[in-house]
Amino acid sequence: SAVELGEHRHYMHKEIFEQPQAVIDTLEGRVTKDTVLTSAFGHQAEEVFKTVKQVQIIACGTSYHSGLVAKYWFEDIIGLPCQVEVASEYRYRNPVVQDGTLFVTISQSGETADTLAALQQIKKLKSKFNIPTLTICNVPESSLTRESDLTFLTHAGPEIGVASTKAFTTQLVALSLLLTSVGKTLGLMDAKQEQKIVHGLLKLPGLVKQALAHEDEIQEIANCFADKHNALFLGRGTMYPIAMEGALKLKEVSYIHAEAYPAGELKHGPLALIDEQIPVVAIAPKDDLLEKLKSNLQEVKARGGQMIVFEDEESGVSSDKEFKVVKTTTNVGRITAPITFNIPLQLLSYHVALIKGTDVDQPRNLAKSVTVE
Ligand code: G6P
């Protein structure tokens, strides 16, 4: 293959470790030291963003999860309504389309059939509504970039492993730049907030490296999954979509059934599943929701569950023997936290897959790019 494995056993591993560079490449030429360059989305982007009243994100798989993180950001940080839906549902219902909707597709390949069909369908309404289309995509000259008004290329480089890793990370970087550009164009974000986000993003390659440095510890923890058939991933806020992505990654490469739950929903069903046979992975940054998450974890502990907690230096979840705690990062901000906390989950899935002996880069029944329905 044109892309060499080098020192790595698998493309997935190589691509996980390329993430600090992928972040640098995605930011390159798109930010100054304090600002985001709106022109990164195309020279007409500022004119287009002025007309935006809400955002509709459409994607599949891992790309859908990056969209879910962005929904929290858009509504929480700039107060702009944002909806997210998987393309295969959106294209087959009759969604209510509102004037001034920025229609954003997210895709590594730019060729996913359902995502493309959703875009083509929305374009038919362009004579009646102002619905500018933007794609966040990793492949230049793909179907999505050709058919969208605006394009932002994630510069992740070629991704060979079927389970997406570095593309996801760069999609989140792209979405944080979109948030900032749209926010400042509409007067919903001031220069100070913008500067704070940019400074966080410039620290991101270092934060990702810091998370990668915990590989040995995570490899050790992967042993907990060797004889397990199910796993539960918990998070709150943006860590809920990160939990979804962690569960998807584990399913894809290790074939262990994994489910993600917003931690506050535990008592509405999944608590019934908890016993010593089901590892529970919790993502626990020090944020406004940490105390609530901690009490959710106590409920799991009381039922004999084995907990694996990813936290930062200030979270202080517990040192009980029921908890395996990995401090993968320093305290991170609202934008950098989901990006940083996803990294150890990628490594966990990779090492569980090695233990299970699966075909890590080409899991059974899955394709890198789903170009037919
Ligand atoms: C397939 C891949 C996933 C990917 C999804 C969406 O299922 O295996 O890794 O997330 O398609 O692909 P896209 O290229 O649109 O991001």
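This report describes an open sheet, the helices packed on it, a ligand shell, a buried helix and one loop residue.

The structure is a predicted model, in which local features need pLDDT of at least 70 and side-chain atom pairs count only at pLDDT 80 or more, while totals for chains, interfaces and linings use all residues. Residues are numbered from 1 along each chain as its sequence is written.

**The sheet and its helices**

Five parallel strands form an open sheet in the order E7-E6-E8-E9-E10; helices (H or I, at least four residues) and strands (E, at least two) are DSSP runs numbered from the N terminus, and two strands pair if DSSP finds at least two bridges between them. Strand E7 (257–262) and strand E10 (323–329) are the edge strands, each pairing on one side only. On average, and with direction ignored, neighbouring strands of this sheet are turned by 20° against each other. Strand E9 (residues 306–312) runs parallel to E10 and is joined to it by 6 bridges, and Met-307 has Phe-323 in E10 as its bridge partner.

Two helices lie across these strands, as tabulated below, with contact meaning C-beta atoms, placed from the backbone, within 7 Å, and with angles from 0 to 180 degrees between the N-to-C directions of axes fitted to C-alpha atoms, for helices over the stretch in contact.

| Helix | Strands crossed | Angle |
|---|---|---|
| H11 (residues 239–254) | E6 (230–235), E7, E8 (279–284) | about 175° to E7 |
| H12 (residues 290–302) | E6, E8, E9 | about 170° to E8 |

**The ligand shell**

Of the 16 residues around the ligand, those that come nearest are Gly-61, Thr-62, Ser-107, Ser-109 and Thr-112, where a residue is near if its C-beta atom, placed from the backbone, lies within 6 Å. Helix H4 (residues 61–77) gives the largest share of this shell, 3 residues.

**Helix H13**

The 21 residues of helix H13 (residues 336–356) should span 30 Å at 1.5 Å a residue (1.5 Å times one less than the number of residues), which agrees with the 31 Å between its end C-alpha atoms. H13 is largely enclosed by the rest of the structure, because 18 of its 21 residues are buried, that is, have 20 or more other C-beta atoms within 10 Å of their own, whereas 12 or fewer would count as exposed and values in between as partly exposed, with C-beta atoms placed from the backbone. Gly-357, which follows H13, has a positive phi, near 70°.

**Asn-130**

Asn-130 is found in the loop between helix H6 (113–123) and strand E4 (133–137), and counts as partly exposed because it has 14 C-beta neighbours inside 10 Å. Leaving aside neighbours within four places in sequence, Asn-130 is in contact with Thr-51, Asp-99 and Gly-100.
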